[in-house]
Amino acid sequence: ADVTLNVVLTNASAITFASGAAGESATLTYATAADYNNGVSLDQPAAFSVTSNQPYSVTVVAASDLANGSNNIPVGDVTVAPVTSGGAVTGVTTDPATAVPTGSAAQIITTSVGSALQSFDLTYAIASSHTPDILGKPAGTYTTTLTYTLTNP
């Protein structure tokens with residue numbers, strides 16, 4: 001007897017950030033004089049994963065500059081650099097370090113293939129060249145919201 005077998009594919013895409021400090025938040029801390037002299041960075045292994053049956057891109061944009069009351073630090077002083085967890089992956093291109101924009105989102109990942117649970121590490125950094133933007137600001141926590149968007153071209 002013959003049996004008709006069907007496989008139905010629908011387009012599916014998801015970006016999922018690791019829960020807690022591993023992905024859903026990032027804190028760059030200036031704790032010592034060396035931090036002001038050398039800049040600061042934060043590595044987040046396996047910060048997020050992407051599943052998409054189609055090629056995709058990931059962008060990032062900030063809601064505003066970093067703010068603490070009426071005091072601001074330009075969010076563009078912060079760079080974000082994604083890297084595929086576990087090394088290079090065929091068909092995936094990541095930008096080495098992109099200044100976080102406000103307004104128009106910056107593309108940080110592009111692919112020519114889909115993927116299932118592809119993990120990405122993130123590195124956030126502020127270079128020492130941006131220290132003048134931080135000097136003279138009152139101590140405290142400066143905050144903004146970053147939005148990462150997954151799209152299928």
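The following exercises, each with a worked solution, concern a predicted model.

**Exercise 1. The order of the sheet**

Determine in which order the 5 strands of the open sheet are arranged, and which strands stand at the edges.

Solution. Begin with β1 (13-17), which is joined to β2 by 5 bridges in an antiparallel arrangement. Within this pair, Thr 16 is placed opposite Ser 49 of β2. Next, β2, which spans residues 39-52, pairs with β10 over 10 bridges, again in the antiparallel sense. Here Phe 48 faces Phe 120 of β10. Strand β10 covers residues 115-127 and also pairs with β6, through 7 antiparallel bridges. In that pairing Val 83 is opposite Asp 121 of β10. Finally, 2 bridges connect β6 (residues 78-84) with β8, and these strands too run antiparallel. The order is therefore β1-β2-β10-β6-β8, in an open sheet with antiparallel pairing. Strands β1 and β8 are at the edges: each has a single partner strand, so one side of each lacks a neighbour in the sheet.

**Exercise 2. An edge strand and its surroundings**

Establish whether Thr 98 is buried or exposed, and which residues Thr 98 is in contact with beyond its neighbours within four places in sequence.

Solution. First, locate the residue: Thr 98 belongs to strand β8, residues 98-99. This strand stands at an edge of the sheet and has a single partner strand. Second, consider the accessibility. The value for Thr 98 is 14%, and buried means under 20% relative accessible area; Thr 98 is therefore buried. Third, list the contacts. Once the neighbours within four places in sequence are set aside, Thr 98 touches Val 78, Thr 79 and Val 80, together with Ala 106, Gln 107 and Ile 108. Among these, Val 80 is the residue that stands opposite Thr 98. Fourth, examine the partner strand β6: 5 of its 7 residues are buried, so β6 is largely enclosed by the rest of the structure.

**Exercise 3. Positive phi values within strands**

For Ala 46 and Leu 117, state the phi angle and decide how exposed each residue is.

Solution. Start with Ala 46, a member of strand β2. Its phi is near 50 degrees, a positive value in a residue that is not glycine. The relative accessible area of Ala 46 is 37%, which makes this residue partly exposed. Turn then to Leu 117, which lies in strand β10. Leu 117 likewise is not a glycine, and its phi is positive at about 55 degrees. With a relative accessibility of 63%, Leu 117 is classed as exposed, because the cut-off for that class is over 50%.

**Exercise 4. A helix residue and a surface patch**

Identify which backbone oxygen lies 2.9 Å from a polar side-chain atom of Thr 131, and which residues make the nonpolar surface patch of about 410 Å².

Solution. For the first part, place Thr 131 in helix α2, which comprises residues 131-134. The residue is buried, at 9% relative accessibility. The oxygen in question is that of Ser 128, at 2.9 Å from a polar atom of the Thr 131 side chain. For the second part, the patch consists of Leu 5, Val 7 and Leu 9. Of its members, Leu 9 is situated in the segment before β1. Leu 9 has a relative accessibility of 73% and so counts as exposed.

Definitions and conventions
Residues numbered from 1 in each chain as written. Predicted model: local features only at pLDDT ≥ 70, side-chain atom pairs only at ≥ 80, totals over all residues. Heavy atoms only, no water. Helix = DSSP H or I, 4+ residues; strand = E, 2+ residues; numbered from the N terminus. Buried < 20%, exposed > 50% of the residue type's maximum accessible area, 1.4 Å probe, protein only. Contact = heavy atoms within 4.5 Å. Pairing = 2+ DSSP bridges. Polar contact = N/O pair within 3.5 Å; in protein donor to acceptor, adjacent residues only side chain to side chain. Patch = residues over 30% accessible without salt bridge, like charges linked within 9 Å, V, L, I, M, F, W, Y side chains within 5 Å. Areas by Shrake-Rupley, 256 points an atom, 1.4 Å probe, with all protein chains shown as cover. Salt bridge = Lys/Arg side-chain N within 4 Å of Asp/Glu carboxyl O.
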